[in-house]
Amino acid sequence: MSETALAERQAAHTIGEPIILLDKVNKWYGQMHVLRDVSLSIAERERVVVCGPSGSGKSTMIRCINRLEKHQGGRIVVDGTELTDDTRALDKIRSEVGMVFQSFNLFPHLTILQNCTLAPIWVRKMPKAEAEELAMSYLRRVKIPEQAHKYPGQLSGGQQQRVAIARALCMRPRIMLFDEPTSALDPEMIKEVLDTMIELAESGMTMVCVTHEMGFARQVADRVVFMDRGEIVESGPPHQLFEHPATDRLRLFLSQILRGH
Amino acid sequence: MSATALRPARAFDPVGWARANLFNAWWSSALTLVLIYAIVRALWGFIRWGFVHAVYSVPTGANGVPQTGVCQAAGVGACWAVIPEKIRFILFAFYPFDQQWRPALCCALFVALYAISANRFFWRRELALIWVGTLVVVGILMWGGVFGLPYVPQYKWGGLPLTLILATLGLAAAFPLAVLVALGRRAANLPAVRLLCVIYVEIIRGAPLIAWLFMATVMFPLFMPEGVDIDKILAAQVAIILFAAAYLAEVVRAGLQSLPRGQSEAADALGLGYWRKMRLIILPQALRLVIPPLVNTFIGFFKDTSLVLIVGIFDLLKAGTTAVADPPWQGQANEVYLFLAVIYFAFCFAMSKYSKGLEREFDRSRRH
């Protein structure tokens with residue numbers, strides 16, 4: 001994609017009201033301070049890529065957004081509801097927030113189709129036929145409708161991750177979280193998953209994505225957040241961060257990432 | 001097609017197999033010969049005792065007492081006459097003789113219930129109704145007192161139907177309890193529930209089943225107010241349920257523990273909520289993983305129900321031992337024990353075969 005076309009598309013893409021708010025979030029694992037005063041506001045339809053060295057707290061932060069991890073200080077507000085121990089409110093929020101994991105986490109005892117229809121049927125109370133129709137439409141969108149009646153163990157890693165994306169989308173979430181979605185994949189399968197994510201980004205989905213794929217960040221991110229040692233060090237549009245890093249930590253990180261590629 | 005499937009199938013060659021596995025060295029050949037000799041001797045001894053020199057029937061004396069003298073003669077093997085003579089007592093104990101079709105029907109109902117439950121076609125909500133219905137019918141048949149059936153008090157129950165009641169009701173009630181206890185022990189957010197479950201499992205496991213049976217049937221009634229009469233069979237049944245549940249809970253917990261955390265997280269992330277997550281995602285996978293130890297525990301408890309004889313309940317084993325206490329048959333304990341072993345074996349082997357089939361079926365449906 002040319003620079004001008006990219007700029008045009010990004011200009012056309014309008015960002016709405018804040019939908020995720022992290023306010024001075026703190027978290028400890030025992031003595032280890034893994035999130036330090038993390039504050040971040042993400043708007044509706046915004047696409048945020050979070051990067052940083054391993055152990056920087058980026059996965060922990062994204063997992064706090066749907067409370068797979070509990071934060072111990074500060075506030076997290078998602079879609080107008082603050083995350084607390086109220087499980088009913090929590091399940092409501094979780095059904096609005098799709099998540100894609102590094103290790104896919106498909107349900108191995110269910111077929112691809114059943115993986116996709118499970119939550120719509122049981123959480124959304126959708127009739128089975130309707131849920132299956134919905135699931136097939138998303139499986140077509142991630143380009144694997146022909147695998148619908150297989151089991152996850154019969155699919156390649158890239159296919160499984162695309163199913164995981166389709167499964168999350170079947171809940172028609174307002175936000176999608178990606179926790180290193182391509183890190184467990186063989187190199188030749190990374191592209192098919194990234195292409196699916198790019199297509200999703202272009203449809204206007206609010207996305208928060210932890211990834212090392214800098215090409216992906218450049219292409220779709222409205223904003224890149226760089227984390228290190230549990231805090232947000234820098235954030236801004238991708239070209240600004242990648243071409244003019246303001247801190248030594250980001251410079252070091254970028255040089256390591258680029259050397260790796 | 002995989003490479004292994006292309007390998008040409010070779011006809012089985014017994015001589016070659018024996019040479020490669022049984023006679024591949026001098027010590028191997030020697031060991032094989034010694035073992036063959038031992039096996040043949042033992043087998044021949046059993047055949048001589050059980051068939052060649054066996055007595056199949058004895059004459060009845062003028063007073064109606066069987067003349068078992070022929071069984072006591074030197075060189076005589078098994079006296080199988082004891083089985084037809086005592087079979088009704090072994091199977092039904094003191095249940096009124098002319099009413100014994102009722103416990104017999106109960107046994108048939110139980111076997112039918114197992115067969116239906118084993119068929120995955122019937123694994124649906126209605127199965128629970130079938131279970132409740134069957135247990136109600138068994139209750140009506142055993143107790144009677146309605147539909148023109150004479151009332152038979154519990155202390156007259158015994159034999160095979162009692163063993164099946166104790167085992168079936170025991171495991172059917174213990175299993176759901178075990179799942180709850182296992183889940184409770186892993187409930188990270190409910191420390192009180194967790195502690196309670198740990199205490200329950202540790203205390204129950206800490207004493208032998210016999211001790212619990214004594215406590216339930218002898219000690220527990222002492223603590224009850226005057227006039228409250230606790231039935232011995234009911235007390236033993238409760239003890240078996242609580243005991244089995246503690247063991248099964250640990251088996252189920254092992255299954256829960258062996259699932260990767262990602263499964264639980266993925267279910268959470270979809271907003272399924274705790275109970276649906278457990279029912280639809282976690283338990284189906286965890287229980288499949290522990291089918292072998294689960295069935296192992298089931299088989300163990302099926303046989304352990306025979307411990308109730310210690311508190312004077314006439315289960316199958318107790319009925320058998322009582323049958324050979326009858327003076328004319330006092331020498332024939334071996335025959336009766338063998339007969340009992342065959343009955344126990346039939347049920348246990350069926351369970352074992354079924355679990356094998358179930359494992360295979362689940363393996364196939366996952367096709368990893």
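Let's start at strand E9 of chain A, residues 223-228, where six of the six residues are buried, so this strand is largely enclosed by the rest of the structure. Keep in mind as you look around that this is a predicted model. In a regular strand, side chains alternate between the two faces of the sheet. You can follow two sets of side chains here: A:Arg223, A:Val225 and A:Met227 point one way from E9(A), while A:Val224, A:Phe226 and A:Asp228 point the other way, and all are buried.

Now look at the partners of this strand. Strand E3 of chain A, residues 47-51, pairs with E9(A) in the parallel sense over four bridges, and A:Val49 has A:Val224 as its bridge partner in E9(A). Strand E10 of chain A, residues 231-236, runs antiparallel to E9(A) and is joined to it by five bridges. One of the pairs to look for is A:Asp228 with A:Glu231, its bridge partner in E10(A). The hairpin of E9(A) and E10(A) has two residues between the strands, and in it A:Arg229 takes a positive phi near 45°.

Chain A also holds an open sheet of four strands, in the order E2-E1-E4-E5, with antiparallel pairing. Its edge strands are E2 (32-43) and E5 (81-82) of chain A, each of which pairs on one side only. Strand E1, residues 18-29 of chain A, pairs with E2(A) in the antiparallel sense over eight bridges, and within this pairing A:Leu21 stands opposite A:Ser41 in E2(A). A backbone detail to check in strand E1 of chain A is A:Lys24, a residue other than glycine whose phi is positive, near 50°.

From the sheet, we can turn to the nonpolar interior. In soluble globular proteins, nonpolar side chains tend to be buried together. Which residues touch the most other members of the largest nonpolar core? They are A:Leu22 and B:Ile281, in a core of 130 residues. H11(B) gives the largest share of this core, 15 residues. Leaving aside neighbours within four places in sequence, A:Leu22 is in contact with A:Val38, A:Ser39, A:Leu40, A:Met61, A:Ile65, A:Arg75 and A:Ile76. Another core, of 52 residues, lies apart from the largest one and has A:Cys116, A:Met126, A:Ile165 and A:Ala201 among its members.

Two of the contacts of A:Leu22, A:Met61 and A:Ile65, are also among the buried residues of H2(A). Why is this helix, residues 58-65 of chain A, described as largely enclosed by the rest of the structure? Seven of its eight residues are buried, so the description follows from that count. The buried residues include A:Lys58 and A:Arg63. Just after H2(A), A:Arg67 takes a positive phi of about 60°.

For a contrast with these buried residues, visit the loop between helix H5 (128-141) and helix H6 (157-169) of chain A, the place of A:Lys143. This residue has a relative accessibility of 58% and therefore counts as exposed. Its phi is also positive, near 65°.

Our last stop is the second largest pocket, which holds about 1400 Å³ of space. The lining has 36 residues, with B:Ala188, B:Asn189, B:Ser264, B:Asp268 and B:Lys277 nearest the centre. Helix H3 (87-96) of chain A gives two or more residues to this lining, as do helices H8 (160-185), H11 (232-258), H12 (261-269) and H13 (274-289) of chain B. By class, the lining has 15 nonpolar, nine polar and twelve charged residues.

Note on methods: Residues are numbered from 1 along each chain as its sequence is written. Chains are lettered from A and ligands numbered from 1 in the order in which they are written. This is a predicted model: local features need pLDDT of at least 70, side-chain atom pairs count only at pLDDT 80 or more; totals for chains, interfaces and linings use all residues. Side-chain values use heavy atoms; hydrogens and water are left out. On a 1 Å grid over the protein atoms alone, a cavity is a set of points where a 1.4 Å probe fits but cannot get out, and a pocket is an open set with protein on both sides within 12 Å along at least five of seven lines; lining residues have an atom within 4 Å of a point. Grid points are joined across faces, edges and corners, and a volume is the space filled by probe spheres set on the points. Ala, Val, Leu, Ile, Met, Phe, Trp, Tyr, Cys and Pro count as nonpolar, Asp, Glu, Lys and Arg as charged, and the others, Gly among them, as polar. A nonpolar core is a set of buried Ala, Val, Leu, Ile, Met, Phe, Trp, Tyr and Cys residues joined through side-chain atoms within 4.5 Å. Buried means under 20% relative accessible area, exposed over 50%, partly exposed in between (1.4 Å probe, protein chains only). Contact means heavy atoms within 4.5 Å. Two strands pair if DSSP finds at least two bridges between them.
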